[in-house]
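Subject: Structure for your review

Dear colleague,

Please find below the structure that I am handing over to you. A summary of what was found in it follows.

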Amino acid sequence: LRSTLSTMARFFSLSLAAALVCQVAARTNIAVLEVGEGGVVRRTTSNSPKSTVEGVSSFWSSVHDVVNGKQRRRMQHSGMTLVPDLFNRADGGIVVGIMGNGVDLASMPTVAGIVEGASNDAIGHFHLSGQKGAELIERSSGEFVEDLDASLSAKVKELANKESTNSLESLAVRVENEASASVVDAAVGRALKAVQKLASETGSTIVVHLVVEEEEGAARRRLTSRRLGKAYARVFKQIFS
């Protein structure tokens, strides 16, 4: 009994310390998905997903022919984890930005699975330090919308009507609380199905760039919760084994 109590006391002390010292800076995560035929974006040998606003912008301009309403190609920054294929081009793309104080991946399973890689839907990721979502949306001439469902549906229709001009559409939504986070998460799932349907019907490839800006508090709570969960499991295994 004394040994058990000692173990539990040590565990709770460590748990408290972890909660107090765990500091996770805000960051912006970008997941890149190929929907449809695929083969238009390739992974490189680089193993660092860290990037910058300029780097991600250069990637978008190298993958898509029309960005910011202008038809142009840019030289991509070197050392990035993803590059466009040399021979196969995308038929279009869409940036979906998700940001705000209510963004918490713990309550957004669809988005979390893509951004954290658990769903294996994304071909690759970029990580930017700080809250850079709004700047990325501005770089892609996007706009903030209230109704993500309706706006994403309209963007998908725009892609269908542009006849493979490989233009990059862009929009974003602000998440203010857990309820809106769930609504946005469900909307992203429906939008991806709609893009998949469009790509299947037209034999095309649409590249989806999911930009998720997670504020410091949410990231810290999620990491702390994950660490404490693992610690609980270890302690109970010691106690009851």
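To begin with the chain as a whole, 48% of its 241 residues count as buried. Please note that this is a predicted model. The secondary structure comprises seven helices and ten strands. Among the contacts with a separation of 6 or more, 83% are made by residues 24 or more positions apart. The chain exposes about 12,600 Å², and carbon and sulfur atoms supply 52% of that area.

Helix H5

Two neighbouring positions were examined in helix H5, which covers residues 148-161. Leucine 148 lies in this helix and has a relative accessible area of 5%. Because buried means under 20% relative accessible area, leucine 148 is classed as buried. With neighbours within four places in sequence left aside, the contacts of leucine 148 are Leu171, Val173, Val184, Ala187 and Val188. The C-alpha atom of leucine 148 is separated by 8.9 Å from that of valine 183, a residue 35 positions away along the chain.

Aspartate 149 is also found in helix H5. Its relative accessibility is 32%, so aspartate 149 counts as partly exposed. When neighbours within four places in sequence are again left aside, aspartate 149 is in contact with Ala187 and Arg190. Ala187 is thus listed among the contacts of leucine 148 and among those of aspartate 149. The C-alpha atoms of aspartate 149 and alanine 186 are separated by 8.9 Å, and these two residues are 37 positions apart along the chain.

Salt bridges

How many salt bridges does the structure hold? There are seven salt bridges in the structure, and three of interest are described here.

The contact between aspartate 149 and Arg190 is accompanied by a salt bridge between arginine 190 and aspartate 149, in which the closest N and O atoms are 2.4 Å apart. Arginine 190 belongs to helix H6 (residues 178-202) and aspartate 149 to helix H5, so this pair ties together parts that are 41 residues apart in sequence. Arginine 190 has a relative accessibility of 43% and counts as partly exposed, as does aspartate 149 at 32%.

A second salt bridge joins the side chains of lysine 197 and glutamate 201, at 2.6 Å from N to O. Both residues lie in helix H6, four residues apart, which is about one turn of the helix. Lysine 197 is exposed, with a relative accessible area of 52%, and glutamate 201 is likewise exposed, at 56%. The cut-off behind both assignments is that exposed means over 50%.

Turning to a further group, salt bridges that share partners join Glu54, Glu135 and Arg139 into one network. Within it, arginine 139 forms a salt bridge with glutamate 135, and the closest N and O atoms are 3.8 Å apart. Arginine 139 and glutamate 135 both lie in helix H4 (residues 133-139). They are four residues apart, about one turn of the helix. Are these two partners buried, partly exposed or exposed? Arginine 139 counts as partly exposed at 28% relative accessibility, and glutamate 135 is partly exposed with a relative accessible area of 34%.

Yours sincerely

Definitions and conventions. Residues are numbered from 1 along each chain as its sequence is written. This is a predicted model: local features need pLDDT of at least 70, side-chain atom pairs count only at pLDDT 80 or more; totals for chains, interfaces and linings use all residues. Side-chain values use heavy atoms; hydrogens and water are left out. Buried means under 20% relative accessible area, exposed over 50%, partly exposed in between (1.4 Å probe, protein chains only). Contact means heavy atoms within 4.5 Å. Accessible areas come from the Shrake-Rupley method with a 1.4 Å probe; for residues, only the protein chains shown count as cover. A salt bridge is a side-chain nitrogen of Lys or Arg within 4 Å of a carboxyl oxygen of Asp or Glu.
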